[in-house]
Amino acid sequence: MTFLSRSLREIFGVLVGGLTAIGGLVFLVGAGPLAAVPAGRGGFRAGAVRLAVFDRARVNQLLGGPAPIEGEVEPGRAAAYLALRVPAGLLGGLLALLYAYGAGTVVLLIVGWFTGRPVDGIEPSPLNVVYILGAAAVLAFLGLQGLFAVGRMDRALAARLLVPGARAGYERRIAELSSARAEVVIAVDAERRRIERDLHDGVQQRLVALGMLIGRARRADPGRVPELLRQAHDEAADALVELREVAWRVFPAALDAGGLPAALETVADRSPVRVRLDVDLGDRPVSAVETVAYFVVCEAVTNAVKHAGAAAIDVTVHRTGDELHVRVGDDGGGGADPAGGGLTGLARRVSALDGRLTVRSPAGGPTTVAAVLPCG
């Protein structure tokens with residue numbers, strides 16, 4: 001958006017703000033007495049909130065800003081906003097009228113001079129022309145600055161009053177922490193069930209087979225004992241491999257020994273698909289952040305290999321300020337379900353650290369799993 005279009009939009013927003021200020025004044029004068037009556041207090045509060053939210057939309061759409069002003073509006077703060085908006089809105093409307101009056105006067109002077117007749121006795125002498133045009137330019141500049149100042153005042157009022165108050169923020173934070181705690185409990189239970197399933201379906205079955213082979217060797221003819229012992233040895237070796245796999249999925253030893261880069265290199269080495277790593281951590285994050293980042297990468301790589309049919313996976317882990325950014329992208333078929341068990345577990349792990357997890361996986365691909373983890 002160009003500077004001119006942005007400025008015109010802001011001026012229009014101030015003009016609309018003059019009308020909404022008049023509407024707010026009418027509401028406060030007309031419905032204000034209801035606030036003193038218990039039966040009418042609810043209606044007054046609801047009306048104040050609706051008008052404030054409507055005016056906040058004007059501020060967001062027309063007056064711009066680094067970020068939209070959002071959140072639940074409290075009735076008391078909405079009424080205070082409407083009251084404070086009255087002088088600001090009327091000031092903006094007055095400035096707009098003065099600007100229009102000055103512009104109209106200059107147009108009349110120019111038209112009169114070109115038609116050969118003085119306006120209000122002012123002749124088009126060189127001195128008068130320079131004086132009028134100079135004064136008009138200065139007043140136009142001051143008028144525009146006044147309109148822009150009213151626009152900034154509007155946005156400051158909305159940013160101060162049309163957002164949740166301190167108490168609402170504390171309540172929301174408490175709710176988020178309670179939800180995160182519940183999600184951590186759910187994630188831990190899900191992890192325990194997965195470990196139990198891996199042990200039952202893998203290691204336990206092999207140990208049972210190993211015990212059966214050893215029992216057969218004890219009862220078998222001496223000629224068959226070497227073959228049965230060889231099978232038992234192979235079964236023991238397979239059980240050990242599966243036990244190591246389960247232990248690795250629970251917590252990789254490389255994460256403690258060499259940190260996140262070493263653990264991710266192990267993930268890349270163990271993957272049957274080519275994994276490109278780009279890791280830049282700077283100062284090493286705390287263990288909890290490293291662990292969550294590792295499991296985000298591990299789960300995303302596993303999904304790309306098993307479900308997406310990917311041929312290449314890119315893993316980027318960068319630390320920017322007090323945040324660790326983790327991104328895993330693949331060239332597979334896409335269609336990953338963020339509500340699936342694995343990704344839901346990842347989201348719970350990330351939210352437990354006040355992080356954010358996003359999954360973009362349109363049908364046909366590619367898939368991108370990104371997490372932002374605070375590590376300050």
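## Exercises on a predicted protein model

From the N terminus on, the elements of the protein follow the order α-α-α-α-α-α-α-β-α-β-β-α-β-β. The model is predicted, and the exercises below treat its overall make-up, its empty spaces, one helical residue and its aromatic pairs.

### Exercise 1. Overall make-up

Task: State how many helices and strands the protein has, and what percentage of its residues is buried.

Solution. Begin with the elements: the protein contains nine helices and five strands. Next, consider burial: of the 376 residues, 34% are buried. Then turn to the surface, where the accessible area is about 21600 Å² and carbon and sulfur atoms hold 64% of it. Finally, take the contacts with a separation of 6 or more: 69% of them join residues 24 or more positions apart.

### Exercise 2. The second largest pocket

Task: Determine which helices supply at least two residues each to the lining of the second largest pocket, and describe the lining by class.

Solution. The volume of this pocket is about 490 Å³. Its lining comprises 20 residues, and those closest to the centre are Gly102, Ala103, Val106, Ala136 and Leu139. Compare the sequence ranges next: helix H3 spans 75–114 and helix H4 spans 126–161, and each supplies at least two lining residues. H3 provides the largest share, with nine residues. By class, the lining of the second largest pocket consists of 16 nonpolar, three polar and one charged residues.

### Exercise 3. The largest cavity

Task: Identify the residues that line the largest cavity and the helices that each supply at least two of them.

Solution. Rolling a probe the size of a water molecule over the atoms reveals where empty space remains. A search of the whole structure yields one cavity of 30 Å³ or more, and the volume of the largest cavity is about 30 Å³. The lining residues are Thr20, Ala21, Gly24, Asp55, Tyr81, Leu82 and Arg85. Helix H1 (3–31) and H3 each contribute at least two of these residues. Sorted by class, the lining of the cavity has three nonpolar, two polar and two charged residues.

### Exercise 4. The setting of Leu157

Task: Decide whether Leu157 is buried or exposed, and name its contacts beyond four places in sequence.

Solution. Leu157 belongs to helix H4. Its relative accessible area is 16%, and the cut-off for a buried residue is under 20%, so Leu157 is buried. Leaving aside neighbours within four places in sequence, Leu157 is in contact with Tyr81, Leu84, Arg85 and Leu162. A further distance concerns Val59, which is 98 residues from Leu157 along the chain; the C-alpha atoms of the two are separated by 9.9 Å.

### Exercise 5. Aromatic pairs

Task: State how many aromatic pairs the structure contains, and classify the arrangement of Phe27 and Phe44 and that of Tyr294 and Phe295.

Solution. A search of the whole structure gives two aromatic pairs. Phe27 and Phe44 form a stacked pair, with 5.3 Å from centre to centre and 10° between the planes. Phe27 lies in helix H1 and Phe44 in helix H2 (residues 38–62), so this pair ties together parts that are 17 residues apart in sequence. Both Phe27 and Phe44 are buried. For Tyr294 and Phe295, the ring centres are 5.1 Å apart and the planes stand at 70°; angles over 60 degrees count as edge-to-face, so this pair is edge-to-face. Tyr294 and Phe295 are both buried.

Note on methods:
Residues are numbered from 1 along each chain as its sequence is written. This is a predicted model: local features need pLDDT of at least 70, side-chain atom pairs count only at pLDDT 80 or more; totals for chains, interfaces and linings use all residues. Side-chain values use heavy atoms; hydrogens and water are left out. On a 1 Å grid over the protein atoms alone, a cavity is a set of points where a 1.4 Å probe fits but cannot get out, and a pocket is an open set with protein on both sides within 12 Å along at least five of seven lines; lining residues have an atom within 4 Å of a point. Grid points are joined across faces, edges and corners, and a volume is the space filled by probe spheres set on the points. Helices (H or I, at least four residues) and strands (E, at least two) are DSSP runs, numbered from the N terminus. Ala, Val, Leu, Ile, Met, Phe, Trp, Tyr, Cys and Pro count as nonpolar, Asp, Glu, Lys and Arg as charged, and the others, Gly among them, as polar. Buried means under 20% relative accessible area, exposed over 50%, partly exposed in between (1.4 Å probe, protein chains only). Contact means heavy atoms within 4.5 Å. Accessible areas come from the Shrake-Rupley method with a 1.4 Å probe; for residues, only the protein chains shown count as cover. Rings of Phe, Tyr and Trp (its six-membered ring) pair if their centres lie within 6.5 Å; planes under 30 degrees apart count as stacked, over 60 as edge-to-face and the rest as tilted.
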